[in-house]
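Q: Please take a close look at one part of this model. Then walk me through it in one connected answer.

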Amino acid sequence: MEHAEGQQHPIGLYLKIWILLFVLSTMSYLVDYLNFQGYLRWTLIIVFMLLKAGFIVAIFMHMSWEKLALKCAILLPPLALLVLIGMMAIEGEFTFLIRALFFG
Amino acid sequence: MTQTSQANTGEPLASGGDWRSTVDDGLKDIASDWGSDKDAFKDVPWGKAMMWIFLVSDTFIFTCFLTGYMTVRMSTTVPWPIPSEVFALTIAGNHIPLVLIAIMTFILITSSGTMAMAVNFGYRRDRNKTAILMLATALFGMSFVGMQAFEWTKLIVEEGVRPWGNPMGAAQFGSTFFMITGFHGLHVSIGVIYLLTVAYKVWRGHYEDTDYEIVEIAGLYWHFVDLVWVFIFAFFYLW
């Protein structure tokens, strides 16, 4: 197998993504610095976080060039975690209400 | 069964043809990978597939920690300490919120950039540049751990944060903070050792008879550490 088989992409692509990640990090820092609160804050934090995570996985970790079989095997199982997060959010809310009722 | 020949051409899948044929080719690709008596992911180096599977398991561990943090933060009736205030630093008389964490974030992203380029030079078989870029990545990683040690020291000595309580608010703040950032810092530290080992072997020419996918595999681990930090930064420091 020839070595040209591996992941070869122009350096410029990495530099662009790098700059983009810098910009996104600056923006997520500004969310705190400019003291946004409430739903605006949470939405912006999650949007910038998901964009950063997406670019890191897709470009830096080369996921967008991998075979679909590998993409599915790696990216689908973590979705099960959404169930855990959902159940624990219900549990957390419930515990909070009970505590407020008995100790509040 | 028809063998699709569009294996790893180095082109993003989306760029060839419309999405329908992309999906179609992808499904045929899955069928030919999993429907035969051969290895699944057969054009993927085994080390890379194994690293990905390890990273999936690590994703579950970190998500469990972050979910635990979410649960205790949601369920406490005591106000949560404001991270923006807790992690503020006074530099030259200016009170700047979260400044050390922002610098740490930029350092980790920079190290991801140098790592991505090291992978690239590895596939070009440029040993010196690969080793130097990996060394730079490891140095950024070390400075990250150094700053984290400074942050922990300040929090423990000056702010009086303990795993069982702190003067600012909810007691769970300390336990989740030390557990999550500690586990992440451990990953960074292990990554530094891992990168230095691989960089040394690249420099010595140990991988001359391979395709240098070993650098990409090390890179996957390093980018994952950066990826986890993105989530910690969002949920612990900014939320």
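A: What follows looks at the contact between two chains, and at the helices around it.

This is a predicted model: local features need pLDDT of at least 70, side-chain atom pairs count only at pLDDT 80 or more, and totals for chains, interfaces and linings use all residues. Residues are numbered from 1 along each chain as its sequence is written, while chains are lettered from A and ligands numbered from 1 in the order in which they are written.

Start with the contact itself. Chain A puts in 51 residues, and chain B puts in 51 residues. Two residues are in contact if their C-beta atoms, placed from the backbone, lie within 7 Å. On the side of chain A that touches chain B, four helices each supply at least two residues: H1 (11-33), H2 (38-60), H3 (68-75) and H4 (80-102). Helices (H or I, at least four residues) and strands (E, at least two) are DSSP runs, numbered from the N terminus. H4(A) gives the most to this side, with 12 residues. By class, the side of chain A has 33 nonpolar, 11 polar and seven charged residues. Here Ala, Val, Leu, Ile, Met, Phe, Trp, Tyr, Cys and Pro count as nonpolar, Asp, Glu, Lys and Arg as charged, and the others, Gly among them, as polar.

Now follow H4(A) across to chain B. H4(A) packs with helix H2 (residues 46-75) of chain B. Their axes are 7 Å apart, at an angle of about 20°. Axes are lines fitted to C-alpha atoms, for helices over the stretch in contact, and angles run from 0 to 180 degrees between N-to-C directions. H4(A) and H2(B) are therefore roughly parallel to each other. Angles under 35 degrees count as roughly parallel, over 145 as roughly antiparallel, 65 to 115 as roughly perpendicular and the rest as oblique. The crossing of H4(A) and H2(B) is right-handed (the near helix is turned clockwise from the far one by less than a right angle; anticlockwise is left-handed).

Which residues make this contact? From H4(A) they include Leu81(A), Leu84(A), Ile85(A), Met88(A) and Phe96(A). Among those from H2(B) are Phe60(B), Thr63(B), Thr67(B) and Met70(B). The contact of H4(A) with H2(B) has nine nonpolar, six polar and three charged residues.

Next come H1(A) and H2(A). H1(A) has 23 residues, and its end C-alpha atoms are 33 Å apart, in agreement with the 33 Å it should span at 1.5 Å a residue. The expected span is 1.5 Å times one less than the number of residues. H2(A) also has 23 residues and reaches 32 Å, close to the 33 Å expected.

Which residues of H1(A) are buried? They are Tyr14(A), Trp18(A), Leu21(A), Ser28(A), Tyr29(A), Val31(A) and Asp32(A). A residue is buried if 20 or more other C-beta atoms lie within 10 Å of its own, exposed if 12 or fewer, and partly exposed in between. Their cover includes H2 of chain A, together with helix H3 (83-86), H4 and H7 of chain B. In H2(A), the buried residues include Ile45(A), Phe48(A), Lys52(A) and Phe60(A). What covers the buried residues of H2(A) includes H1 of chain A, plus helix H4 (99-123) and H7 of chain B. So the cover comes from both chains for H1(A) and for H2(A).

Look at what comes after these helices. Most residues other than glycine have a negative phi. Just after H1(A), Asn35(A) takes a positive phi of about 60°. H2(A) is followed by His62(A), with a positive phi near 65°. His62(A) sits in the loop between H2 and H3 of chain A. With 21 other C-beta atoms within 10 Å, His62(A) is buried. Chain B has a similar case: phi of Leu98(B) is near 55°. Leu98(B) lies in the loop between strand S2 (94-96) and H4 of chain B. Leu98(B) is buried too, with 22 other C-beta atoms within 10 Å.

Finish with H7(B), one of the covering helices. The axes of H6 (residues 172-204) and H7 (residues 213-238) of chain B come within 10 Å and cross at roughly 160°. That makes H6(B) roughly antiparallel to H7(B). Their crossing is left-handed. The residues of this contact include Phe177(B) and Leu195(B) of H6(B), and Trp222(B) and Trp229(B) of H7(B). They divide into 17 nonpolar, four polar and no charged.
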